[in-house]
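Student: May we study this chain together by question and answer?

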Amino acid sequence: MNQENVSLTAFAHQWILKNATNFQFAVDATCGNGLDSVFLAKNTTGKLFCFDIQEEAIQNTKAKLLQNHLHCQYQLIHDSHENIKQYIDTLSIDVAMMNLGYLPHGDHSITTTHTSTMKALDEIHKQLKGVMTILCYPGHAQGKIETQAVAKWIATLDSKQWTIETKRALHPDSPILYCLKKTCVDL
Ligand SMILES: C[S@@+](CC[C@H](N)C(=O)[O-])C[C@H]1O[C@@H](n2cnc3c(N)ncnc32)[C@H](O)[C@@H]1O
C-alpha cells in the first residue's frame, strides 16, 4: 500500500472508532492482508466475518489474526462478498469495511468488480445498523468503473437515514474513502 492508501485506511479506523458505539457483529468484506480484520477483531465483542475470493488472502488474514493473539470469534470465508447473506443471514451488522481493489503484493489482475461490489453493498446496507467504510481506487481501469458505480449507489441513499463523509485528494485518480453511518434504522 502506498502512503495515501495507508493514511486513508488509518483514517477509516479512527472514524469507525469515533462513530461506532458497539462492535457486536463486524464484516471485513475484502480481508486481503488482514490489516482491517485485525483492527475489527480488536474491537469486536461478538463475531467478525472476513471474506475474500483468494485463498492467499484468507491465509494471510488467518496468520495476522493468530500473530496478534486475537481471541474474538471470527469466521474466514473463502467466497465472494456478494454471497454474504448465505453466511450472516439475518444478523444486524454493526461495522463493515470494504477496502476495494486488488491484493497489495498479490496478483493485480484479481480485483473487486462493480457487479459483485454492488450486490454486496445492497446486501450489507440492508443489514447494517451502524457504520460502513468503502475505500475505492479509481487509479486502475476496473477501479474507475467500480468507483463510478459506488458513487452512483451512494447518491441514491436516503439522507434522512444516512450520514455520509467523503475523503479524497484533489487528483481524480486518487483513492476515495466513503464513511457511511446509518442514523435512523426504522423510518
Ligand atoms: C485492497 S485488498 C483488501 C485489503 C485488506 N482489507 C487489508 O486490510 O489488507 C482487496 C481484496 O479484495 C479481494 N476481493 C476481490 N474481489 C472480491 C470479492 N468478490 N469478494 C471478496 N473479496 C474480494 C481481493 O482478493 C483482495 O484481497
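The discussion below goes from the whole chain to the sheet and then to two helices.

Tutor: Please note that this is a predicted model, in which local features need pLDDT of at least 70 and side-chain atom pairs count only at pLDDT 80 or more, while totals for chains, interfaces and linings use all residues. Residues are numbered from 1 along each chain as its sequence is written.

Student: How many helices and strands are there in the chain?

Tutor: Helices (H or I, at least four residues) and strands (E, at least two) are DSSP runs, numbered from the N terminus. From that end, the elements follow one another as α-β-α-β-α-β-α-β-α-β-α-β-β. The chain has 6 helices and 7 strands.

Student: What is the radius of gyration of the chain?

Tutor: The radius is taken over C-alpha atoms, and the globule rule is 2.2 Å times the number of residues to the power 0.38. For 187 residues this rule gives 16 Å, and the chain comes close to that, so it is as compact as a globular protein of that length. The radius of gyration is 15 Å.

Student: What percentage of the residues in the chain is buried?

Tutor: A residue is buried if 20 or more other C-beta atoms lie within 10 Å of its own, exposed if 12 or fewer, and partly exposed in between, with C-beta atoms placed from the backbone. Of the 187 residues in the chain, the buried ones make up 38%.

Student: In what order do the strands of the open sheet lie?

Tutor: Two strands pair if DSSP finds at least two bridges between them. The sheet has 7 strands with mixed pairing. Its edge strands, each pairing on one side only, are β3 (73-78) and β6 (162-168). The order is β3-β2-β1-β4-β5-β7-β6.

Student: Which residue of β4 is the bridge partner of Asp28?

Tutor: Strand β1 (residues 25-28) runs parallel to β4 and is joined to it by 3 bridges. Strand β4 (residues 93-99) is also parallel to β5, with 6 bridges between them. One residue of β4 stands opposite Thr133 in β5, and this residue is also the partner of Asp28. It is Met97.

Student: How many residues of β4 are buried?

Tutor: Strand β4 is largely enclosed by the rest of the structure, because its buried residues number 7 of the 7.

Student: Within what arc do the buried residues of α6 fall?

Tutor: Helix α6 (residues 141-155) has Gly143, Glu146, Thr147 and Val150 as buried residues. Seen down the helix axis, these line one face, because their directions, taken from the axis to the C-beta atoms, are confined to a limited arc. The face turned away carries the exposed residues Ala141, Lys152 and Ala155. The arc is 105°.

Student: Which elements do the buried residues of α6 pack against?

Tutor: Packing rests on contacts, and two residues are in contact if their C-beta atoms, placed from the backbone, lie within 7 Å. On the sheet, helix α6 touches β5, β6 and β7. Its buried residues pack against α5 (114-127), β5 (128-136) and β7 (176-182).

Student: Which residues of α5 are buried?

Tutor: Helix α5 has 14 residues and reaches 20 Å from its first C-alpha to its last. What covers its buried residues includes β1, α4 (84-88), β4, β5 and α6. The buried residues are Thr117, Ala120, Leu121, Glu123 and Ile124.

Terms used: Axes are lines fitted to C-alpha atoms, for helices over the stretch in contact, and angles run from 0 to 180 degrees between N-to-C directions. The expected span of a helix is 1.5 Å times one less than its number of residues.
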